[in-house]
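Please walk me through this structure for a reader who is new to it, beginning with how far the model can be trusted and going on to its strands and the space between them.

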Amino acid sequence: MTKAIRSLGLIVLLVGFSGTAARAQAPGSRTYFNQDIFVAQGQQIHNATCIFCSVQVEGDLTGRVLVLFGNLNVTGRVEREATVIGGNAVIDSQARIGGNALVVGGNAVYETDESISGNAWVIGGHLSPVGGRSSRIHSTHRLSFSPVFFTVVAIGAFLLLSILFLPRRRTDAA
């Protein structure tokens, strides 16, 4: 079942990101399948797209980073959004993400609120500041939807659909 869901999700994401993949081939961009991407300190690239692999950013990434079924570790700078689906994200205290950070189906750990300029969303995992506390200097959102939340939503949706689509008994008027 998990393999089928993973395959379906990959197909949907690949179709949805087909335009992104074409733009990702701009000069200085990297798109890899099953091979990790490493941006060394002092190195600069534009976008990074990694499917079934991980991304380590120690240098500068001037665009976006997308990781599907892998992990993201940032000790450098990501100028725009960071998205991780099916993996974890770790953002160091010296790291900077200039846009929003989204993690679906994994956990995110960050050291300071200044590390993420935009909103931070974790769906199906946990969002944790190191040390268990956060300074909350910015007015950005830091939100995590745990797996328990999705289990309750799935059960509620199943019950609702069952009520709506199960055949009702009719009494015959004789």
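A strand, as the word is used here, is a DSSP run of E with at least two residues, and the strands are numbered from the N terminus. The structure shown is a predicted model, and the chain averages a pLDDT of 76, with 69% of the residues scoring at least 70. Over residues 18–25 the pLDDT is below 50, and this stretch has eight contacts in the model beyond near neighbours in sequence. Residues 132–139 also have a pLDDT below 50, and for this stretch the model shows twelve contacts beyond near neighbours in sequence. Where pLDDT is low, the predicted coordinates should not be read in detail.

With that caution in place, the strands can be taken in turn. An open sheet is formed by four strands in the order 3-6-9-12, and the pairing in this sheet is parallel. Strand 3 (44–45) and strand 12 (96–97) stand at its edges, and because each has a single partner strand, one side of each is left without a neighbour in the sheet. The partner of strand 3 is strand 6 (residues 60–61), which runs parallel to it and is joined to it by two bridges; here Gln44 stands opposite Asp60 of strand 6.

Strand 10 (82–85) offers another place to follow the pairing. Strand 7 (residues 65–68) pairs with strand 10 in the parallel sense over four bridges, and within this pairing Leu68 has Ile85 as its bridge partner. Strand 10 also pairs with strand 13 in the parallel sense, again over four bridges, and there the bridge partner of Ala82 is Ala101. Both faces of strand 10 are covered, since Ala82 and Val84 on one side are buried, as are Thr83 and Ile85 on the other.

Strands 10 and 13 appear once more around an enclosed space in the model. How many cavities of 30 Å³ or more are there? The count comes to one, and about 60 Å³ of space lies in the largest cavity. Its lining consists of 15 residues, of which Ala89, Ile91, Ala101, Leu102 and Val103 lie nearest the centre of the cavity. At least two residues of this lining are supplied by each of strand 10 (82–85), strand 11 (89–91), strand 13 (101–104) and strand 15 (120–123). In character the lining divides into 15 nonpolar residues, no polar and no charged ones. Ala101 thus links two parts of this account, being the bridge partner of Ala82 and one of the residues nearest the centre of the largest cavity.

Methods:
Residues numbered from 1 in each chain as written. Predicted model: local features only at pLDDT ≥ 70, side-chain atom pairs only at ≥ 80, totals over all residues. Heavy atoms only, no water. 1 Å grid on protein atoms, 1.4 Å probe; cavity = no way out; pocket = protein on both sides within 12 Å on 5 of 7 lines; lining within 4 Å. Points joined across faces, edges and corners; volume = space filled by probe spheres on them. Nonpolar A, V, L, I, M, F, W, Y, C, P; charged D, E, K, R; others polar. pLDDT = per-residue confidence, 0-100. Contact = heavy atoms within 4.5 Å. Pairing = 2+ DSSP bridges. Buried < 20%, exposed > 50% of the residue type's maximum accessible area, 1.4 Å probe, protein only.
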